[in-house]
Amino acid sequence: MNERQRLEWVCKITGELFAQDLSTEKILRTVLSMIGEALEIEHGCMLTFNNNGTVDEGVMLSTEANAESMRNFWNLLLTRGLIGYVYHGHRTIVIRDIAHDPRWPQLPTAPHIPQSGSAVGIPLKKNGRNYGVITLIHPVVDYFSDEIVHMLEAVADINLAAMRGIININSRVINYKETRYHALFEHAIVPIILTNLDGLVIDANQQALQFLGYTRDELLRERITSIHRLGTGPIGQDRYASLRRGDAVEFRSTAWKLNGDPIPVTVRARRITMQEQDVIEWVEQDMSRQIEAEQLRNDLTAMIYHDLRGPLHTVQSSLSALARQLANYDDDNLADILQVAVRSSRQLSRLINNLLDMQRLEEGKAVLKRKQTSLHYIIARAIELVQPMAAEAEIKLAFNLPNELPMIEVDDNMIQRVVTNLLENAIKYTPQKGRVTLYAEAFEDRIRISVQDTGPGIPIHIQHEIFDKFSRVKTSGAVKGFGLGLAFCRLAVEAHGGEIWVESKDDSGSTFSFTLPLKPLSQPVIV
Ligand code: ADP
């Protein structure tokens, strides 16, 4: 290609780009396919970036058949290769021989992946900011001569100008300053940003500018994805599809201020029509205060639960001391009263521990203190705790356990509370003279424990709900509870990598079962 041909070719691209009002994606596609045609290139990709470094728009030269593997290939060059170097280095890089250049990553041998030849990466940059990268690969070694590189750099500038031109074209077209919407928009007390259907910012109210720390000019150069992510999908994914279709969208995200500070936000976005132009309105609600308040409330409740344990512990040790003293007196009445107090204080202690664990587990904190434990021991301890309650309600407590059960690595205290909760519930909801049976069974990779009762059963349509916090079955009559027991059981079992469920038919009792894996996961499960 001689100099004249190169010039003609640049003019052709320029003419194509400015002849019509193209979206960014169309601009990238047009430029890339024209380069491909002119230089007889099969492998090329153009990416644009948000100012937080995430990919905004991306197009590549590829056929439908190999699109997926090429997408992975370009992503590899982005994370570990040429595209990344060009983006971060803000300069053109030519790799004369990709087979022998240390900057070229080791690539899988697949039919579509080029294994030899040369490559070039050119930044789309302006005023010290890098907006994107053009990457091209040619099967001939040392193909990208200085002349071709200069031409491509000129094309990169034209490309960028066309992309930024959109801002001007669109903001000129939407002449809505006189409209009623504009008055509401400008005086709204929440930050509002308007973009075109491609996500390019075309206006923002004062609140938004203040909130994000941008001047109007700075913000008008941005895309909404520089402010907050809409999910960074693979190259070429259309993230505005549902908004374009006209659905209102609400999501939680992080808004990035110009100085890089993150702010948690709830964003409500919808498509609106102004002066026959379709735009997207993004209303940003600052959630920092709510999140702080939530955190404060959580910390406070955790502190209260924690502090309740101190006095309760004192009550329990005083009751033990009292029991020792009372052993000298032969007074059944006093012993019974004491037993009630001891039982109630144990119940209270379990409740507080459950609440404390639930909160920690919900916050994603790993709170398991695993150790090798005998299941027989856990079960025996739980049965011992609920035995008096069963006796009082005249419920027969039975168990069906194999002689041998494998040792299991669990937080014994927590699992014991799970078994106790299930037994207590079974006793609580089963009418007098009923029967509660505990089963345990070991499989190759897990153990299962079940508690079966002859109580009222649980209607099928609410069976999945009862494991939620504060969920109680309305018809369960006078039995008191907070609806927290099963929620704790679920969190505790899932944190161990197990499952919990109920099987029940109306009137024929319920069976609550849970499993625990025999091999603990190496990582604690965050639920
Ligand atoms: P609580 O018992 O404190 O209400 P749980 O979370 O332990 O809270 O149980 C949630 C709901 O599930 C209970 O209110 C009850 O309606 C139902 N439930 C739990 N266990 C049984 C059972 N064994 N038989 C019948 N219903 C039960």
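1. Let me start with the cysteines: the disulfide count for this structure is zero. That count rests on cysteine sulfur atoms lying within 2.5 Å of each other. Please keep in mind that we are looking at a predicted model. Two of the cysteines are worth a look on screen: Cys45 is buried, at a relative accessible area of 0%, and Cys489 is buried too, with 0% relative accessibility.

2. The ligand site is a good place to go next. Around the ligand there are 19 residues, and those that come nearest are Asn425, Tyr429, Asp453, Arg472 and Leu486. Three side chains can be followed to ligand oxygen atoms. For Tyr429, a side-chain N or O atom is 2.7 Å from an oxygen of the ligand. For Asn425, the distance from a side-chain N or O atom to a ligand oxygen is 2.8 Å. For Lys428, a polar side-chain atom lies 3.0 Å from an oxygen atom of the ligand. On its own the ligand has 530 Å² of accessible area, and the protein covers 97% of this. Two or more residues of the shell come from each of helix H14 (412–429), helix H15 (485–495) and strand S17 (510–517). H14 gives the largest share, with four residues.

3. Just past that helix, have a look at Lys433, in the loop between H14 and strand S14 (435–442). Its phi is positive, near 65°, though the residue is not a glycine. Most residues other than glycine have a negative phi, so this one deserves a glance. Lys433 is exposed, because its relative accessible area of 63% is over the 50% cut-off.

4. Asp142 makes a nice companion case. This residue sits in the loop between S5 and helix H5 (146–173), and its phi is also positive, about 60°, without being a glycine. Is Asp142 buried, partly exposed or exposed? With 45% relative accessibility, Asp142 counts as partly exposed.

5. Strand S5 (residues 129–138) includes Arg129. Although arginine carries a polar side chain, Arg129 counts as buried, at 18% relative accessibility; the cut-off for buried is under 20%. Its side chain makes a polar contact of 2.9 Å with the side chain of Glu222. A polar atom of the Arg129 side chain also lies 3.4 Å from the backbone oxygen of Phe49.

6. Helix H12 (residues 332–362) has 31 residues, and its span from first to last C-alpha is 44 Å, close to the expected 45 Å. At the N-terminal end Asp331 acts as the cap, with a side-chain oxygen 3.0 Å from the backbone nitrogen of Asn333. Just after H12 comes Gly364, with a positive phi of about 80°.

7. Helix H13 (residues 375–392) is my last stop. Its 18 residues reach 26 Å from first to last C-alpha, close to the 26 Å expected. Where does H13 bend? The bend, about 40°, is at Val386, and Pro388 follows within four residues. Ser374 caps the N-terminal end of H13, with a side-chain oxygen 3.2 Å from the backbone nitrogen of His376. Buried residues of H13 include Leu375, Ile378, Ile379, Ala382, Ile383, Val386 and Met389. Residues three or four places apart in an α-helix point the same way, as there are 3.6 residues a turn. After H13 comes Glu394, whose phi is positive, near 55°.

Note on methods
Residues are numbered from 1 along each chain as its sequence is written. This is a predicted model: local features need pLDDT of at least 70, side-chain atom pairs count only at pLDDT 80 or more; totals for chains, interfaces and linings use all residues. Side-chain values use heavy atoms; hydrogens and water are left out. Buried means under 20% relative accessible area, exposed over 50%, partly exposed in between (1.4 Å probe, protein chains only). The expected span of a helix is 1.5 Å times one less than its number of residues. The bend at a residue is the angle between axes fitted to the seven residues ending there and the seven starting there. A polar contact is a pair of N or O atoms within 3.5 Å; within protein, one must be able to donate a hydrogen and the other to accept it, and residues adjacent in sequence count only if both atoms are side-chain atoms. A residue is near a molecule or strand if one of its heavy atoms lies within 4 Å of it. Accessible areas come from the Shrake-Rupley method with a 1.4 Å probe; for residues, only the protein chains shown count as cover.
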